[in-house]
Amino acid sequence: VPTKYKYLEKFSGMSVLDVPMNDEAVYELFRSTESLGATPEEIGCKIGTLGLPEFGTSFVMPVVIEARPKNFNDLLQISGLTHGTGLWLGNAQDLIKNGVCDISKVVGTRDSIMLALIRYGLDNSTSFKIMEFVRKNKAGKPLPEDMIAAMKAKNVDTWYIDSLTKIRYMFPKAHAAAYVMMAYRIAYCKINYPLAYYAAYFGIRASAFSYELM
């Protein structure tokens with residue numbers, strides 16, 4: 001059990017495995033500060049993810065604010081977008097900002113490419129090959145013409161094909177899921193067991209603070 005979970009289990013008395021994964025108040029943390037009972041002005045942040053692993057950094061929080069996630073799958077998308085290369089800046093961010101699609105439809109993880117293409121009507125083998133080409137395309141090679149033709153033949157949206165051409169590295173969905181589950185469980189404790197959460201947070205992060213300044 002990770003150290004952060006041991007702290008939370010010790011102070012809250014509940015196992016992290018018992019945390020319900022459908023608490024709407026937890027998801028609200030990723031859209032506003034309402035679940036904290038505080039205003040953005042009071043904490044200096046528009047959302048309530050400060051102190052959450054993966055979602056409390058200066059890079060990821062602006063992504064969360066723009067994406068406005070509604071559910072677990074949206075958080076998976078954000079995790080994939082912020083751990084990949086060529087996915088958010090100049091790609092998914094522009095699609096969301098311009099109203100082309102929302103966070104649920106952008107290309108976020110490796111697996112989502114294959115599954116999306118299968119839903120468009122491509123066969124499993126071709127969908128897998130396109131996914132493998134895109135996720136390994138660190139050199140930025142153009143998508144092969146036969147792959148583009150196969151997608152166009154099934155009326156894959158032009159914006160989706162264009163998005164694939166910009167990607168250089170991608171997270172697998174299982175890796176993103178592990179990160180999101182960790183962050184969600186800690187977010188649940190932040191709301192429902194605040195004393196346990198802050199005792200764990202400051203206990204683990206104590207070396208990051210100056211005693212004299214505090």
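# Notebook: confidence, charges, rings and a helix crossing

**Confidence.** I looked up confidence by element before anything else: in the protein chain, helix H1 (residues 3–12) has the lowest mean pLDDT, 64, and helix H9 (residues 145–153) the highest, 98. The model is a predicted one. Over the protein chain the pLDDT averages 91, and 93% of the residues score at least 70. Where pLDDT is low, the predicted coordinates should not be read in detail. I therefore leave the detail of helix H1 alone, given its mean pLDDT of 64.

**Salt bridges.** I searched for charged pairs next and found 4 salt bridges in the structure. Side chains of opposite charge can pair when their charged atoms come close.

I took Glu24 and Arg31 as one case. Their side chains meet in a salt bridge, 2.5 Å from N to O. Are the two partners buried or exposed? Glu24 is partly exposed, with a relative accessible area of 44%. Arg31 has 15% relative accessibility and counts as buried, because the cut-off for buried is under 20%. I also noted that Glu28 belongs here: Glu24, Glu28 and Arg31 are linked in a network of salt bridges.

I then went to Glu132. Which residues does it pair with? One partner is Arg135, whose side chain meets that of Glu132 in a salt bridge of 2.6 Å, N to O. Both residues lie in helix H8 (residues 124–135), 3 residues apart, which is about one turn of the helix. Arg135 and Glu132 are both buried. Another partner is Lys136, with its closest N and O atoms 3.4 Å from those of Glu132. For this second bridge I checked accessibility at each end: Lys136 is exposed, with a relative accessible area of 53%, whereas Glu132 is buried at 16%.

**Aromatic pairs.** My search of the whole structure for ring pairs gave 9 aromatic pairs. I looked at Phe30 and Phe55, which form an edge-to-face pair, 5.2 Å centre to centre with 85° between the planes. What does this pair tie together? Phe30 lies in the loop between helix H2 (24–28) and helix H3 (40–43), and Phe55 in the loop between H3 and helix H4 (60–67), so the pair ties together parts that are 25 residues apart in sequence. I checked burial as well, and both Phe30 and Phe55 are buried.

Elsewhere I noted a cluster: Tyr197, Tyr198, Tyr201 and Phe202 are linked by ring pairs.

**Helices H8 and H9.** Two packed helices are described by the angle between their axes and the distance between the axes. I looked up both values for H8 and H9: their axes come within 11 Å and cross at roughly 130°. That angle makes H8 oblique to H9. I recorded the hand of the crossing too, and it is left-handed.

**Gly121.** My last entry concerns the loop between helix H7 (110–120) and H8, where Gly121 is found. Gly121 is partly exposed, with a relative accessible area of 37%. How far is its C-alpha atom from that of Val156? The two C-alpha atoms are separated by 8.8 Å, while the residues are 35 apart along the chain.

How values were computed:
Residues numbered from 1 in each chain as written. Predicted model: local features only at pLDDT ≥ 70, side-chain atom pairs only at ≥ 80, totals over all residues. Heavy atoms only, no water. Phe/Tyr/Trp six-rings, centres within 6.5 Å; stacked < 30°, edge-to-face > 60°. Helix = DSSP H or I, 4+ residues; strand = E, 2+ residues; numbered from the N terminus. Buried < 20%, exposed > 50% of the residue type's maximum accessible area, 1.4 Å probe, protein only. pLDDT = per-residue confidence, 0-100. Axes fitted to C-alpha atoms, helices over the stretch in contact; angles between N-to-C directions. Parallel < 35°, antiparallel > 145°, perpendicular 65-115°, else oblique. Left-handed = near helix turned anticlockwise from the far one by under 90°.
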